[in-house]
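Please open the structure in the viewer and keep the sequence at hand. The tour proceeds by selections, each followed by a description of what is found there.

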Amino acid sequence: MIKENTKAPIFKLPSTNKKEYSLKDSIGNYVIIYFYPKDDTPGCTIETNDFNKLLPKFKKLNCEILGISKDNLKSHDKFRDKYKIKFDLLADEEIKVLKKYKVWAKKKFMGREFMGIVRTTFLIDKKGRIIKIWNNVKVKDHAKEVLETLQNIVKK
């Protein structure tokens, strides 16, 4: 298990901005990384659209938002274009970062067991430390809760 108040695992992944994203590039900003199961599915669409709507408020707090799934960039591009997503989606087709962040796990659905992405959000501070983790996220009002948490941290 990854714990709060520990250094966030560093990684590089291909991004919908056509460049490779490295977590090191975000030192000096807050970063929200949310791991989600699949592009253009009901829960993932709600979660992504909610973060997208609140993006200006996150930006005012010097916070970047990144969505990560194992979908490829072509899938991410379609998803991004369809919903006019204004932040980058990262492709982890080899599930290396998913494993680093311990969000690739055994799941159960309708009596079947399989490996998949456990919906999880990480809030990383300006020095690259994980300051908050949301596990097994329920999408309704999640982005709002993440924003409120960040606002309270910035106020301190």
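Begin by selecting Ser26, which lies in the loop between strand E3 (20-22) and strand E4 (30-35). The model on display is a predicted one. Is Ser26 buried or exposed? Its relative accessible area is 2%, and because buried means under 20%, Ser26 counts as buried.

Keep Ser26 selected and add the residues around it. Neighbours within four places in sequence left aside, Ser26 is in contact with Tyr21, Val31 and Glu64. Then add Lys126: this residue is 100 residues apart from Ser26 in sequence, yet the two C-alpha atoms are 7.7 Å apart in space.

Next, select two helices, H1 (residues 42-60) and H4 (residues 142-155). In general, a pair of packed helices is described by the angle between the axes and by the distance between them. Here the axes of H1 and H4 come within 8 Å and cross at roughly 30°. Angles under 35 degrees count as roughly parallel, and H1 and H4 are therefore roughly parallel to each other. The crossing of these two helices is right-handed.

Which residues make the contact between H1 and H4? On the H1 side, show Glu47, Asp50, Phe51, Leu54, Lys57 and Phe58. On the H4 side, show His142, Ala143, Lys144, Val146, Leu147 and Leu150. Coloured by class, this contact displays seven nonpolar, one polar and four charged residues.

The tour now turns to salt bridges. How many salt bridges does the model contain? The count comes to ten, and three of the pairs are visited below.

Select Asp88 and Arg80, which form a salt bridge with their closest N and O atoms 3.5 Å apart. Arg80 has a relative accessibility of 21% and so counts as partly exposed.

Move on to Glu94 and Lys96. Their closest N and O atoms are 3.0 Å apart, and the pair forms a salt bridge. Both Glu94 and Lys96 are exposed.

Finally, select Lys106 and Glu113, whose side chains meet in a salt bridge at 3.8 Å, N to O. Lys106, at 59% relative accessibility, counts as exposed, whereas Glu113, at 45%, counts as partly exposed. Add Lys108 to the selection: salt bridges that share partners join Lys106, Lys108 and Glu113 into one network.

Key
Residues numbered from 1 in each chain as written. Predicted model: local features only at pLDDT ≥ 70, side-chain atom pairs only at ≥ 80, totals over all residues. Heavy atoms only, no water. Axes fitted to C-alpha atoms, helices over the stretch in contact; angles between N-to-C directions. Helix = DSSP H or I, 4+ residues; strand = E, 2+ residues; numbered from the N terminus. Parallel < 35°, antiparallel > 145°, perpendicular 65-115°, else oblique. Left-handed = near helix turned anticlockwise from the far one by under 90°. Contact = heavy atoms within 4.5 Å. Nonpolar A, V, L, I, M, F, W, Y, C, P; charged D, E, K, R; others polar. Salt bridge = Lys/Arg side-chain N within 4 Å of Asp/Glu carboxyl O. Buried < 20%, exposed > 50% of the residue type's maximum accessible area, 1.4 Å probe, protein only.
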